[in-house]
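Q: Could you take a close look at one part of this model for me, the place where the protein meets one of the DNA strands? I'd like a connected walk-through, and then a word on how the protein chains sit against each other.

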Protein chains: 2
Amino acid sequence: MNGIVFDHKECGSCPIRHRAVCARCDADELEELDSIKYYRSYEAGQPIVWSGDRMDFVASVVTGVASLSQAMEDGRTQMVGLLLPSDFLGRPGRDAAPYDVVAVSNLTLCCFRRKPFEQMMIRTPHIGQRLLEMTLDELDAAREWMLILGRKTAREKIASLMAIIARRDASLALSSAEDGMSFELPLTREAMADYLGLTLETVSRQISALKRDGIITLEGKRHVIIPDFDRLQIETGDDMDGGLMI
Amino acid sequence: MNGIVFDHKECGSCPIRHRAVCARCDADELEELDSIKYYRSYEAGQPIVWSGDRMDFVASVVTGVASLSQAMEDGRTQMVGLLLPSDFLGRPGRDAAPYDVVAVSNLTLCCFRRKPFEQMMIRTPHIGQRLLEMTLDELDAAREWMLILGRKTAREKIASLMAIIARRDASLALSSAEDGMSFELPLTREAMADYLGLTLETVSRQISALKRDGIITLEGKRHVIIPDFDRLQIETGDDMDGGLMI
DNA sequence: CTGGTGCATTGACCCAGATCAAGAAAAGCG
DNA sequence: CGCTTTTCTTGATCTGGGTCAATGCACCAG
């Protein structure tokens, strides 16, 4: 547990509100949510649930990064989701986890006991609606990822990952768009490889190549500086304008 | 329009009921749904909506197959969803289509005007709940697909596709599990390639290889016979027991 | 300071699947 | 019925990324 406790303002209290969209929970609803919530902390690398396990909570990521992944019995693994702060974990109405969930970095979750959460969802339609919207967002992200996995080159894959993290980071920090955005890579080379359907050697080589070509700069092994986001965007192979900005 | 008209029993009327799970719509609700529904037919190859288009309906596939796909401007395309009979198309609450939707074979949709459908959803929570469930199923399918795209070999990809279609087909026909299941391939080699992140030549070669090894038998180019489903299942590389059976 | 442990980088080589190219087999059609 | 068009198969060759292996670089414990 690590002694970390957040007050309502910090954690958002309503899990839906973490995405800063739903301001519709009234005082009673927030109080009810508070009564079924608790915090959990995990260290980098620690498993949260295994595929098939019964999951008796849903949660919102407060700080840190978690991954969802699928493994084949011969060891090949594919990451199928990356949960950053404010993302939602768990599926009301289903009690077995379909994937392995692992804390990629140190992680704090704001958890809600599943049964009472589900009951509340039934009583409170806007929570269900918001959840449907979030699930549709996840579906869009998964499908964007399918394009990356199926059709992009290794270089484009790395550039796409950098762009996605940079964009997410900027939107959380509310401090985007000034020239020279930078962020801390929350993933090891191996985790990136699992995400991108590559090997860790290829990830390393392509990062070196992007560095050599001046698309990115590294400070240490994890701190990335993007001198010109548009140039990175070109490297992703994506349509410049249209398309989803997850 | 082609003059094809279905009565309620054939089409299911309640779009939710197409998946044969929701039997909760009462007479009034069914009548209301009937009042906002209409049918559309498309020929193989015909586009239904383009990415970015405004979509003023949601729909249920009655017969035929449709695909969702994303394209990069240099022509590389990745199919991100395959809609078989009883699958749902469209997203309440969003008015722009995020992908190109194309009729892969001749296709009939049972459409519902979006606005009234959404209003009905708000008034009728169980429809929203069912929709959330279906969206979660789609998300699971998308993520299973990510594993296929990111980590499987060409042979495993083809075997996985065959297994998925065979399974879906069997569950629709309610006539599964007798030895020697068979089905009509609803996709061209090119469409399979777009689905699997391969080239059509590789698809063709791997189908030939599976045929040579007796895993499948072909009658013509499209009719597939699976003499022993378990052997096919082994070729997919998937865990035999666990895992999702979409 | 020294060896150990865990990430990351780099090199040398190889192979699955892409690419390029030629036919074969259906399917439509005047 | 040929004749075109589309779809599929197969072969020859090339290459991006995988595999195997060595080395570098922090960071920690003793």
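A: Let's start at the backbone of DNA strand D: one of its phosphate oxygens has a polar side-chain atom of B:Arg189 2.7 Å away. Keep in mind that this is a predicted model, so every distance here is computed from predicted coordinates.

Two arginines go for the bases instead. The side chain of A:Arg205 puts an N or O atom 2.7 Å from a base oxygen of DNA strand D. Over on chain B, a polar side-chain atom of B:Arg205 sits 2.9 Å from a base nitrogen of that strand. As for secondary structure, the elements giving two or more residues to the surface near DNA strand D are helix H7 (200-212) of chain A and helix H7 (200-212) of chain B. H7(B) supplies the largest share of that surface, with five residues.

Stepping back a bit, 17 residues surround DNA strand D. The closest of them are A:Thr202, A:Arg205, B:Arg189, B:Ser204 and B:Ser208. By residue class, the surface near the strand splits into three nonpolar, seven polar and seven charged. Seen from the DNA side, 62% of the strand D atoms within 4 Å of the protein belong to sugar or phosphate, and the rest belong to bases.

Now for the two protein chains. Here 47 residues of chain A are in contact with 48 residues of chain B. The area buried between them is about 4,300 Å², and carbon and sulfur atoms give 55% of it. On the chain A side, A:Arg143, A:Met146 and A:Arg151 lose the most area to chain B, together 19% of what that side buries.

There's plenty of charge pairing to look at as well: the rule finds 12 salt bridges across the interface of chain A and chain B. One of the pairs in a salt bridge is A:Arg94 with B:Asp137, where the closest N and O atoms are 2.5 Å apart. For polar contacts, the count across this interface is 26 residue pairs, both partners at pLDDT 80 or more.

Which elements of chain A are involved? Those that give two or more residues to the side touching chain B are strand E4 (66-71), strand E5 (77-83), helix H3 (114-123), helix H4 (125-151) and helix H6 (189-196). H4(A) gives the most, with 19 residues. The residues on that side of chain A divide into 21 nonpolar, 10 polar and 16 charged.

Methods: Residues numbered from 1 in each chain as written. Chains lettered and ligands numbered in written order. Predicted model: local features only at pLDDT ≥ 70, side-chain atom pairs only at ≥ 80, totals over all residues. Heavy atoms only, no water. Contact = heavy atoms within 4.5 Å. Buried area = accessible area lost by both parts, 1.4 Å probe. Salt bridge = Lys/Arg side-chain N within 4 Å of Asp/Glu carboxyl O. Polar contact = N/O pair within 3.5 Å; in protein donor to acceptor, adjacent residues only side chain to side chain. Helix = DSSP H or I, 4+ residues; strand = E, 2+ residues; numbered from the N terminus. Nonpolar A, V, L, I, M, F, W, Y, C, P; charged D, E, K, R; others polar. Near = heavy atom within 4 Å.
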